[in-house]
Amino acid sequence: MPGLVVFGRRWAIGSDDFVLPGAFELFVRLLWWIGILALYAVHKGRFNCPGGGLLHSYLLVLLILLAAIICALSALVYVSMQGTISNPGPRKSLPKLLYTRLLLYFPEFIWAVVGAVWVSDSSVQCEKTVINVIMGTVIASWVIIIFTIIGVVIVFDPLGGKKTFYLTNSVSRNLESSQSGQLLYNVKNTATRVWEKRIRLLCCCIVQDDDHRVAFTSIAELFRTYFSDTDLVPSDIAAGLTLLHQEQDKMESCPKEPEEVLCHSPSSLVADDLDVELENAAHYMLFAAAAYGWPYYIYTNPFTALCKLNGDCCRHRTADSDITGSDRHNFHFGSILRITGLQYRDFIHISFHNKIYEIPFFVALDHKKEAIVVAVRGTLSFEDILTDLSADCEDLTLEDVLENGFVHKGITQAANYIYQKLINDGILNQAFTIAPEYKLVIVGHSLGGGTASILAIMLRNSFPTLRCYAFSPPGGLLSKSLADYTKRFIVSVIVGKDLVARLSMPNMEDLKRRIVRIVANCNRPKYQILLHGCWYEVFGGDPDNFPTELDGRNQDALTQPLLAEESLMVHRSPSYNTLEGESHFNSPPQYPRLYLPGKIIHIVEESSSRRWCSSDIKYTARWSTEAVFSSILISPKMITDHMPDVVLKALNSLSQEHRSCISC
C-alpha cells in the first residue's frame, strides 16, 4: 500500500505493517504486566524498607503505564489488521493511534530513568529479589526504547518529505510548465543524490577514485529510475514475491499440453551435440570455479581445506608463472591448483588484481583437452558488484563484425581490461608459443561468464576456432544481433531458476509490474499473506488460493490496469514504458532489452523434493531459447541455482549419467 504518512512525511512502512511487531510487543508487555502485578501483590504490605516508599510508587505507576501501553498496542494491532494492501480505508484511524503510542514513550522513558536511579541508589535496603526484578524492568524498558529508535531509523525515508512525495505525481501531470519541469528536475536530482550517498556508505571500506565516482552516479541513477514510479513499502514487495511464488508453483503443477511436451523432444543429432557440450562444460566449469580461489575451495571443503592450504603455503613456488596482485600465503594459487589438478608449469599468467572494471583471471594450459584456457572470476568483492550494477548500455563496434550492437557497459569495460592484458602484454602470444597447436577456450561464471562472452567476441576475429563457455551469465548482456552472432562459438549453461540469468532491466520492470498487480488485487490482509508465505517456504504444502480481483476477468481486461494497481504507481519510468511498446517523446529507451550470449543449455531438476532439504536430485538438460529467460521466476532456489558448486554438481551428474549410458 502507499507508505504511511505521519509527522508530515512519508515513511517506508505501511499502516498494515504493525500487526506482527505490535503483536510481539503486546505479548511481551502482557507478560511484563502480569509479573509486576504478581510482585506488587506479594510485597504489598512489605514496603517499609529504606527506599520502599519510592518502590511502592514506582510499581503502581508502572502498572498503570503498562496497562495504558497494552490498550494502545491492542487498538493499534486491531486497526492494522483491517482492510487489504490496496484498501487502507479501514485503517484511516491508525495515525492517531500511532501518535498516542508514541506519546506513551515519554513517560516510559522518564520512568525508566527513575527506576535506574532507584536501583543504583546504595541507600536502598529492600529485598534482593525486588531489586533484581526492578533492574530487569529497567533493562527491558531501555531495550524496547532502543529497538524503537532503531526501527524509526530503518523506516525513515530520506525522500519522504511530504512536498517531495506528492510533487512527483502532481508535476507529471503538468510538464508543460517550466516551473513544474524545474521542480521535477530537483526531485530527481535529490533522489539520485540520496541513492549515491547510500552506495558510498555501503562501499566506504574501499578506496574510491574517479571510476568509482562515475559508477556511483550511474548506479544511483539506475536505482532512482527503477524505484521512483511505485509507492510500495518493503513488506509489500515481500508479500508480492510470496504470492508470485505460489502462483508459479500452481502453474507448474498443471499438466502440460501434449504439443508443449513434444516440442522439447530433441532429434538424435541435436542430443549427441548436447551430450558433447555437456561433457566439455563439466570439464571447463572446474576452471571457472577455480578462478574464485580460496573462498570457493574452503566453501566446498569446509573441514579439510585450511589444513591442505596451510601445507601448500610453505611450499616453494616456481617462477614459471607470471602472477600479479596480492596472494598472501599462496592461498589463491594453492586453491586453483587443487581444484583444476594442474601443475605449476601449466599456468601462463595469473592476475589477482581487483578494481572496479578490472577483475581477476588466469591463463593456463589444459593438456587434457589441448586448450589454452582463459578463466575469468565472477563476483566476489564490492568492486565486482559495482561492475555488475553499471548496467547502462553502450555500443560495441568491432572491425569485420557486422553484428555490432548494445552491450552491458560495466562488463564490457571489464572484458576490455582483460583484452588489453592478453594482447598488449603478449600473454596469448606466450601461450601459443608454448603450445601452438592448442585451441583457445574462454570460460567464466556469473560476472566472469558475461565478461568471458564479450571477451570472446573481441578475440573472435584473431582466433576463429575460439570457444567460450559462459556459466550462469547475466541476462542483460547483449543485444539481439550480437546474441545471434555468438551462437556460433559461445555456449551458455543455466541451472534451474537462476535469478542472474534472468536479470535485466526490462525483466526487473516486468517483475515490478507483476508485484504491483498481484499485491494491489489480493483480497487478504498482508499479515495473512506473509504468515502463510513463511509457512509455505519453510514447510511446503499446497499453494494458497488467495482470492483476487483478477479472478473471473478475461485476458483482454487484464491488459488494463485496475484502480488499485494505478494507486500504487506514482508515474511510469522510461524503461517501464518500453514494456508496453511506448516511448517518451519517441526517444530510444535507456535500457533496451538485452539477451544471454550464445546457444543456451538449460539444466533443470527432473525429480526431487521442492524443499531445501532435498538430497536426491536428478537433472535433465536441453537446448533452450532466450524466451525461456524473459521473466524472473520466484523460488527459494533462485539464488542457490546460481552458485558455482550447484552448477558444477549438475554438470558432473549429467556427464556421469551420459558415461554410464555409453558403458551400458
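**Exercise 1. Aromatic rings**

Task: Find which residues ring pairs link into a cluster with F333.

Solution. Start with the rule: rings of Phe, Tyr and Trp (its six-membered ring) pair if their centres lie within 6.5 Å. Planes under 30 degrees apart count as stacked, over 60 as edge-to-face and the rest as tilted. Ring pairs join F333 to Y344, F347 and F362 in a cluster.

A note on the source: this is a predicted model, where local features need pLDDT of at least 70, side-chain atom pairs count only at pLDDT 80 or more, and totals for chains, interfaces and linings use all residues. Residues are numbered from 1 along each chain as its sequence is written, and side-chain values use heavy atoms, with hydrogens and water left out.

Task: Count the aromatic pairs, then classify the pair Y58 and W111.

Solution. The count is twelve aromatic pairs. For Y58 and W111, the ring centres are 5.6 Å apart and the planes stand at 5 degrees, so this pair is stacked. Next, place the two residues. Helices (H or I, at least four residues) and strands (E, at least two) are DSSP runs, numbered from the N terminus. Y58 belongs to helix α2 (residues 52-80) and W111 to helix α4 (residues 105-120), so the pair ties together parts 53 residues apart in sequence. Last, check accessibility. Buried means under 20% relative accessible area, exposed over 50%, and partly exposed in between (1.4 Å probe, protein chains only). Y58 is buried at 4%. W111 is buried at 19%.

Task: Classify the pair W535 and F539 in the same way.

Solution. The centres are 4.5 Å apart and the planes 45 degrees apart, which makes the pair tilted. W535 and F539 are four residues apart in helix α21 (residues 526-539), so about one helical turn separates them. Both W535 and F539 are exposed.

**Exercise 2. Charges over rings**

Task: Which ring does the charged end of R101 sit over, and which ring does that of K599 sit over?

Solution. The test needs NZ of Lys or CZ of Arg within 6 Å of the ring centre and within 35 degrees of the ring normal. R101 places its charged end over the ring of Y105, 3.9 Å from the centre. K599 does so over the ring of W623, at 4.7 Å.

**Exercise 3. Salt bridges**

Task: How many salt bridges does the structure hold?

Solution. Apply the rule: a side-chain nitrogen of Lys or Arg lies within 4 Å of a carboxyl oxygen of Asp or Glu. The structure holds 19 salt bridges.

Task: What does the bridge between E277 and R467 tie together?

Solution. The closest N and O atoms of E277 and R467 are 2.8 Å apart. E277 lies in helix α11 (residues 268-290) and R467 in strand β10, so the bridge ties together parts 190 residues apart in sequence. E277 is buried, with a relative accessible area of 6%.

Task: Are R514 and D510 buried or exposed?

Solution. First, the contact: R514 and D510 form a salt bridge, with the closest N and O atoms 3.3 Å apart. The two are four residues apart in helix α20 (residues 505-520), so about one helical turn lies between them. Both R514 and D510 are buried. Elsewhere, D16, D17, R91, D236 and K526 are joined into one network by salt bridges that share partners.

**Exercise 4. Positive phi**

Task: Compare the settings of E370 and S472.

Solution. E370 has a positive phi of about 50 degrees, although it is not a glycine. E370 sits in the loop between β5 (361-366) and β6 (371-376). E370 is partly exposed at 47% relative accessibility. S472 is also a residue other than glycine, with a positive phi near 50 degrees. S472 sits in the loop between β10 (467-471) and α19 (480-485). S472 is buried at 0%.

**Exercise 5. Far in sequence**

Task: How many residues separate I13 and D236 in sequence?

Solution. I13 is in the loop between β2 (9-10) and α1 (19-42). I13 is buried at 17% relative accessibility. I13 and D236 are 223 residues apart in sequence and 9.1 Å apart in space, C-alpha to C-alpha.
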